[in-house]
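Me: I am new to this structure and would like a close look at one part of it. Please take the bonds and charged contacts between side chains, and go through them in order.

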Amino acid sequence: MATTAPSIRCTVPITTRLSSSKPFSGTLHGSFRLRPPTLGILSLFEKARRNSPGSGICLPKVVGETLVHAGTLALLTASLSLVDPALAFKGGGPYGAEVTRGQDLTGKDFSGRSLIKQDFKTSILRQANFRGAKLLAASFFDADLTGADLSDADLRGADLSLANFTKANLSNANLEGALATGNTSFKGSNIKGADFTDVPLRDDQRDYLCKVADGVNPVTGNATRDSLLCK
């Protein structure tokens, strides 16, 4: 966009079209064009800084008309941030830098991993292997874990709301304090030795699980039926 501005004095890598590889130093008059910032332009700022020790990126003080439109400033701020949006949903553990939310992770092997607070929301995790994994406070909200192996997994405080555990292996898993509100499905799952202490369940969910509950959790020592408050 073309903008008319008062005279300014500043050392910045700028020309009338912001396309030169040489810094501009002097008095700038009249109209000039601002382009959205790019990595190439940002490198010019760095070059100007090295060529003028003690100086930084200089933003002129404008009296009168606005020199730079707010939208252009927003673009500059975003370019300087250089944040990779793919890291927005990272969680803890060794997979912290890997996006696991809303992904197809069918058959992936997470066995024995420390995945504390990892975000698996809405992911497809069919036949995934979480055997012995540390999944404290991890989120499986609305995730599909059909046929997944979560045996011996530590799921304390995990969010299992709306998750599908159909035919999943939850044997000896510790689910103390996990959240299982909504239509969380455990149909056909193996819960032998699983600990459901303090897991909020609907009456129909509890009744279904109590029909197949058996065993004692090897870590907590709690019987599965007792943890489900079966009658």
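Reply: What follows covers the disulfide, then the salt bridges.

This is a predicted model, in which local features need pLDDT of at least 70 and side-chain atom pairs count only at pLDDT 80 or more, while totals for chains, interfaces and linings use all residues. Residues are numbered from 1 along each chain as its sequence is written, and side-chain values use heavy atoms, with hydrogens and water left out.

A disulfide is a covalent bond between the sulfur atoms of two cysteines. Here the term is applied to a pair of cysteine sulfur atoms within 2.5 Å. Searching the whole structure turns up one disulfide. Its partners are Cys210 and Cys230, with their sulfur atoms 2.0 Å apart. Cys210 sits in helix H3 (residues 203-212) and Cys230 in the segment after helix H4 (224-227), so the pair ties together parts that are 20 residues apart in sequence. Helices in this account are DSSP runs of H or I with at least four residues, numbered from the N terminus. The torsion about the S-S bond of Cys210 and Cys230 is about -95°, so this disulfide is left-handed.

Accessibility is described in three classes: buried is under 20% relative accessible area, exposed is over 50%, and partly exposed lies in between (1.4 Å probe, protein chains only). Cys210 counts as buried because its relative accessibility is 14%. Cys230 is also buried, at 18%.

Next come the charged contacts. A salt bridge is a side-chain nitrogen of Lys or Arg within 4 Å of a carboxyl oxygen of Asp or Glu. By this rule there are six salt bridges. One of them joins the side chains of Arg101 and Asp119, at 3.6 Å from N to O. Both Arg101 and Asp119 lie in the loop between helix H2 (70-81) and H3, so their pairing ties together parts that are 18 residues apart in sequence. Asp119 also forms a salt bridge with Lys121, where the closest N and O atoms are 3.4 Å apart. Arg101, Asp119 and Lys121 are thus linked in a network of salt bridges. Within this network, Asp119 is buried at 10% relative accessibility, whereas Arg101 is partly exposed at 31% and Lys121 is partly exposed at 25%.

Another of the salt bridges is between the side chains of Asp154 and Arg156, at 2.7 Å from N to O. Asp154 has a relative accessible area of 15%, so Asp154 is buried. Arg156, with 36%, is partly exposed.

Methods
Helix = DSSP H or I, 4+ residues; strand = E, 2+ residues; numbered from the N terminus.
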